[in-house]
Structure formats: structure tokens, C-alpha cells
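Biologist: Hello! Could you pick one part of this model and take me through it closely, side chain by side chain where that helps?

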Amino acid sequence: MQAVPMAVPPDGAEPASGPQQDPGLDPSYTVAVRELCEFTAKAGDLDLRFTPAPTALEGIAGHAVVGGRRGAGYEREVTLAGDWRDGPLHLRVRGRADGFDAAAGRLEEVKTFKGRLDRQPASHRALHWAQAKVYGWLLCEARQLGAVEVALVYFDIGTQQEVVFTERCTAEALRAHFDTQCRRFVAWAAQEVAHRRARDAALAALAFPFGAFRTGQRPLAEAVYRAATAGRCLLAQAPTGIGKTAGTLFPLLKAAPGERLDKIFFLAAKTSGRQVALDALARMAGPAREDGRGGALPLRVLELVAREKACEHPGQACHGDACPLARGFYDRLPAARAAALGPRAFATNVATAPTATHATGPLALDQARVREAALAHGVCPYYLSQELARWADVVVGDYHYYFDLGAMLHGLAQANQWRVAVLVDEAHNLVERGRRMYTAELLPGTLHEARRSPTAAAVPVVKKALDRIRRAWVALDKAVEAQAPAAARPAGAASYVVQPEGFPPKLLAALQQGSSSLGEHFAEHPEQADGALQAFYLEALQALRMAELLDAHSLVDVQRPAGAAPGGSTVCVRNIVPAPFLAPRFAAARTATLFSATLAPTRYYADLLGLPAGHAATEVASPFAAAQLQVQVARHISTRYAHRAASAVPIADLMARQFSERPGNYLAFFSSYDYLAQVAEAFARRHPALPHWCQSRRMQEAEQRAFLARFTEDSEGIGFAVLGGAFAEGIDLPGRRLIGAFLSTLGLPQINPVNEQIRARMEQLFGAGYDYTYLYPGLQKVVQAAGRVIRTPSDEGVVHLIDDRFARAEVRRLLPRWWEV
């Protein structure tokens, strides 16, 4: 057994919310005012009807407007903190009050909103008062005030009007309120302190659970550990098959006590990546003893899944009048939360629970356990999992939980000032995923369905709003047609025009007015569920949000299919460089590691992902020998688009020849389903006796499993798949389950108007338009797909690179160094 050594945390690090581990001192727990009150003062139904909430930018702007209306002596964002003790436990409560007018003796808590305030659930108002009054006491204590006027200021984003509620409170009353909230929280805080002490003690003694490190795995772990202790961002390229998931998680777990890490976020692009992480963490945690005491790592590991996978009542709105699991959600949440976290979290005597001997082992909060706890207490599993994210040590989920505009994990980390470590699995995927997160499309079909909806037919104001948007859209298409008339395009080609001035002003104004009208309708009629209208509303909101953030990182384009009538175009705010959106997320983490087998060249990923200027980069040498993999280049075949029809027979014959020389299981990758079908037809016609099976469009999970099930130790045949698809990365077929691959493409993205615009913008920003748009993304897919062949040190296989361009020096430089091409 080997262990990565620990390091002492840097001096001057800001303490986060949560348990504070100061040896020799009384145990302490720091909690934000908002977090405290959300734990102690939330009651009643889960109710999402008073939505949509203003965006973060709208909220910031609203607070600025309110502050700007106040007098010269008005203090904004007043930092406050206070202490509360219960026996040995020291509870520290902190936060920033929105504003204080000393002359008027008024403390203000500002809340921005959309829609009608009289539709606000009473539970929301109660929570806001609880927060405001905690700030009131902290202010009275800090400034020795005998009383203060506490004000809730509700600012309407749409009308820019304020609605103010005030209450004159004595310091004594505010202190009593503060005491009540702290008493409701202190037992939980004590449990968290005990858990944190047990967790950190166990992590300090944790040994690598897989025996000796694999070749390459230890250098990777050391690089991750060094980045964590230095508080840096790391870009780590490591070959497939060395155990990157374990090699990145283990050093962060070891670094957690010394660096006072509150959470580790493991973010994956695909379900398979999440499962590998969950499996690795289960191995590291180890089995619990039969008596339930000790013998295992007290680590809470939470799996986050999509709402559609967790929802028990699809089609029901998320409020108590529609869904039984939303009714009384916050009343039943404490018991559900306690049941999910289990008895192992409830060592109530903080003073006598300093070590791991009081822990009862790992806690896997996977989808099944969360669902079990939720349904046993009559609450929604999806929203229970979001609550549990506050108390987990490791959270495993999709990229969007940390990186998209409204990312839950990032929001919680910022609100609570957590010290977090972020792991980005298969990080090469984050370029395209990031682009999609920050892209917004207006689809004509969505508007069409909204205009046909029952609500549009019955509510004149809704119909008028949608018709106004439709007219602006038609006018835009006519203008686009004038810019790029059909006569100037090839027959049957779509029109495509980039809007150099940004989002079309008339359509933007119509969307702004229309979304306001739709928002008011939803607020006034929360009981009405109109899926088509809501779908368009969400599209419009995303388009408005991205139009507001428009800069050099994105462009606005209009694309209309050939023959489509005006109003039939797709209007897109297309993100090209996600770096400006991703960079603040990396900066917010104590440390972040992005790892993959394909992160070359590093400059490309650093530029597009927005890595900090001082980030580190490492490339782990492959544990595999060149003799394990024959790499052959079919220089006599061209897979260029113009040559594909002619290439089908030569490719089919090459595959059959390889199969006859060494029968077994192979994967053949193609750039598109059409190309796959061409070669598959030629292969079946010329070699009917050779078994083969094909990936189809929109394969369901069961069909994907059936496709992979044909690759066994004893089977033989060729699976035809699409490059960049479900079978080109993230699958593991070691040994004789897969002995070779055929790559019938360089994987270069198609040359089309969109990609040419991307190329031009890449050239403008980075001076490498072709490479950034075509060459690097294409070769990354090739290397990922070829990496399916050699998975263990005992594997042997062959890869055929089918295209004459694979022989070019600029292409070969991007292939793995250990290949002999």
C-alpha cells in the first residue's frame, strides 16, 4: 500500500462555511446567514410557481438600482458576523447585509423578483424575514444599537418599482430570533463537526486501495496533489487505461484535510464517467465492519442525476397543488435528510468524537439510496439530492452542475464560501459542451406550437405577444433573404447570414416585450400547465440572456432551410469560445484538474477553456509499448467527402483482409451515419459471411448495451460506429473483447458556413483558425476512438488509419508519442 504525503495548508487561507478544524481549540462551525435560515426557517411546500427568478445579472443590476436611489450615507453590502455558543461548540454566523441607512436607522434586505408579488408563497416571505432579522441582530451587536428598523425591499425587475415592508425591532427581540435560529441549527452543526473530524482523520490515514500504482498513475496523482496544495489549476493528459479516475480522486482526498477542502466535485460528460467515479470511490472507502463501527472511510458521496431521471411524477408541475412530493416538502425535509445521511452522521457529542473510530463507514448517496429516503418520507428525490449537496463530501455529476449559467454547485460554493476541488473528467469534451451551455437557439417550430397552444387561443394578451414576435421574425427573414438571395446560392442550399450588428434589434424588442407578457401570465395563472407555451418561453429567456452577454466569444446567425417561408429560420446566439464563461468557475475553485487522454495541444484547450495564466500542465508517459499496437496507415485511400463513394469498396476489402489475418472483434469508425451506411452496404455485399453490426441513429441505452454485448472474449465480428459517438470513448473492452479499430476519417468537422465562421473567429482571436476549428477537434476524436483498443498492459491490437493525410507531419505530431506510425 502506498500513500501520497500530505502538506500543510498555506497561511492566510480564508475559512469556508462548515466545520473548522483547529487542533487544541473548541470545535467551531461557520455558517452563512442564508444557509442558516434556509436550514431553520424554510417550511411548507416546494413551490416553483413564483418564477422565473431574475438572472444573476438582473439581480446584481436590481440591487445596484436600489442602492443608487439611497442617500449619500447609505452603506451597501455591510459585512457582518456574530458568534453563538452551546457548550463546547462555537457557531459563527456571517454574511453581507444589502444595505444600512444609519440616519434612518434602517437595515434593508433587497430581493429582486418578476411577476406579481402577491403570488409569492408565504413561506418565501417568512424565509426573507428570518434572514433580515438575523442581519438585524448582527448589526445591533456590531454597532451597539438598541433597536433597528428591519426592511424587506422587493424590487420588480420589469417595472423597476419597489415594494417595502418594515418592522421596528428591538435588539433584544432580534437577539431572541437569532438564538432561535442557532438553537435549531446547533445539533446539526455538532454532527457536521464530528463528521468532519472523523472524515479528515480517516483521510490522513488513507492508503491507495488498489495495491501498487499502475505505471503512469503515480506521476498523475503526484501532479494532482501538487496542484491542490499550491491552489492551482492543472491540465493533465494521461493515456487511456492507467486509471485516471482513481489517480485523480485519491490525491485530492489525501489533500483535503491539509487544504481544508470542503467538497470535491467530480464532473463528467457522460453517465459512464460518473459510474467509474462512484465505483472508484466505493473501493477507496472500503467495506464497513459488520458491527457498523470503524474499518471504513466516513465519506459522503452524492450522485446527482437529471431531473427527468429522478422525477416520480413526470408531467406534474413542481408545487404542492400538483405534485404530492412537493406538498409539505420543507416540513418533511429534516427527517428525509437525516434518513438519507444515515445514523453514521449523528455523533452528537462533539467533544468525544475526534477520530475516525466513531465513524461507521462510507455513505453512498447514489440515485437508489436518495430515492429510497425521499419516498419513505414523501419528498421529491430530485430536490432532496440538491439539498444533500450541501452536506456531501464528494459530489459526482454532469458538467452543467458547476459550469452552466445557473449552475447549482457553483452557486452553493459561492454562497457558502466553500473551498472546493474540481475534477473535470474527459475534459476534451468541455469545449463543445461549454459552447452548447452558452448558446441559445430560437426555433420556428417552438414558436409555431406556442401559437397553437390552448393558452394562446384563449388569452388575448398571450396571442398578441406571440404574434408580435412572429411578425418581427418574418421581417428578419425577409431582410436576410435580401442579403443572401436564393439565386446566389446553390440549388437546395439553406440561407445563412451572420448578423454583424448583434442580435436583431426589432426581434430583440419583441422578445423582451413578449417574455414579459408571458411571465406575467404564468405568475397570474400558476395552476395552468401549457407545455408548448412554456417551452417557447424558456427558449426566449435563454436567447435574451445570451444576447445580453454577447461579445467576441459569440456570434448571432440566422439560418433558413431552402424553401422555408419567412419566419422559418433558426436564430442562434452561437458561442464559439466558452473561455469567458468558464474562467470564473475555475478561478472560484481552490484547485481544479482537467484530465483526459487527448488534451494536445495544451495551448488550444487553455485558450478555449479559459484556464488561469498560472495553470500547470503535465503529460503522463504511456505505460504501453509500441509493440502492443500495430498502427498502419492506408495511404492509398482518401476519405475526403468527394472521394467517399469511391472509398467504400477499398475500405470494406481492407477490413475483410485484416479480419481474415486475425479473426476477432473490431470497431470501425466513420465520420457520419451516411458514410457508415455506404461502407456497411459494400462490406455486406462483398463479404457476406463476415459478421458485422451497426450503430443506428438515436440509439436508446438498451440498444447501446446490446451493441456492446456482442463484444465478448469468444465472439468475432466488426461493429460499425460513428466517430465521436457513444462507442468512440468512455467504453472499456479489454483483452479479446476488442483487438482492433479502423478509423475511416481524420474526423475533421464538415466545412460549412457555421464552421467557416468559427474558423474566421478563431483566426481573429488566436491566429490558428484552421487548426482550432478543424484539425485539433478532428484528431482528438481519432485518438479517443483508437484508444479503445489497448486498455491494459497485456492487450495487443491493431489500428488502421485510413486516409493518405495521416502520413502528413502536422497530423502525425498530434498522434500519441508511443505509437509507431
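Modeller: Happily; what follows starts with the salt bridges and then moves on to some helices. This is a predicted model, so local features need pLDDT of at least 70 and side-chain atom pairs count only at pLDDT 80 or more, while totals for chains, interfaces and linings use all residues. Residues are numbered from 1 along each chain as its sequence is written, and side-chain values use heavy atoms, with hydrogens and water left out.

A salt bridge here means a side-chain nitrogen of Lys or Arg within 4 Å of a carboxyl oxygen of Asp or Glu, and that rule gives 41 of them. One joins E38 to R390, at 2.9 Å from N to O. E38 sits in helix α1 (residues 33-40) and R390 in the loop between α11 (381-388) and β12 (394-398), so this pair ties together parts that are 352 residues apart in sequence. Helices (H or I, at least four residues) and strands (E, at least two) are DSSP runs, numbered from the N terminus. E38 has 15% relative accessibility and so counts as buried, and R390, at 13%, counts as buried too. The cut-offs are under 20% relative accessible area for buried and over 50% for exposed, with partly exposed in between (1.4 Å probe, protein chains only).

While we are in helix α1, have a look at T40, which also lies there. T40 is buried, with a relative accessible area of 11%. Setting aside neighbours within four places in sequence, T40 is in contact with Q181, R184 and F185, where contact means heavy atoms within 4.5 Å.

Another salt bridge links D674 and R697, whose closest N and O atoms are 3.0 Å apart. D674 belongs to helix α23 (residues 673-686) and R697 to the loop between β22 (692-694) and α24 (701-709), so here the parts tied together are 23 residues apart in sequence. D674 counts as exposed at 53% relative accessibility, and R697 as partly exposed at 44%. Salt bridges can also link up: R69, R70, R106, E108, E149 and E162 form a network of them.

R452 and E449 make a salt bridge as well, at 3.3 Å from N to O. R452 is exposed, with 57% relative accessibility, whereas E449 is partly exposed at 39%.

E449 also takes us to a helix pair: T446, L447, E449 and A450 in α15 meet A532, L533, A535, F536 and E539 in α19. Helix α15 (residues 444-451) and helix α19 (residues 531-548) pack at an angle of about 140°, with their axes 8 Å apart. The axes are lines fitted to C-alpha atoms over the stretch in contact, and the angles run from 0 to 180 degrees between N-to-C directions. The two helices are therefore oblique to each other; under 35 degrees would be roughly parallel, over 145 roughly antiparallel, and 65 to 115 roughly perpendicular, with the rest oblique.

To finish, the buried residues of helix α5 (residues 217-230) are Q217, L220, A221, A223, V224, Y225, A227 and A228. They pack against β8 (233-237), α6 (244-259), β18 (591-596) and β19 (616-619). Just after α5, G231 takes a positive phi of about 65°.

Note on methods: The expected span of a helix is 1.5 Å times one less than its number of residues.
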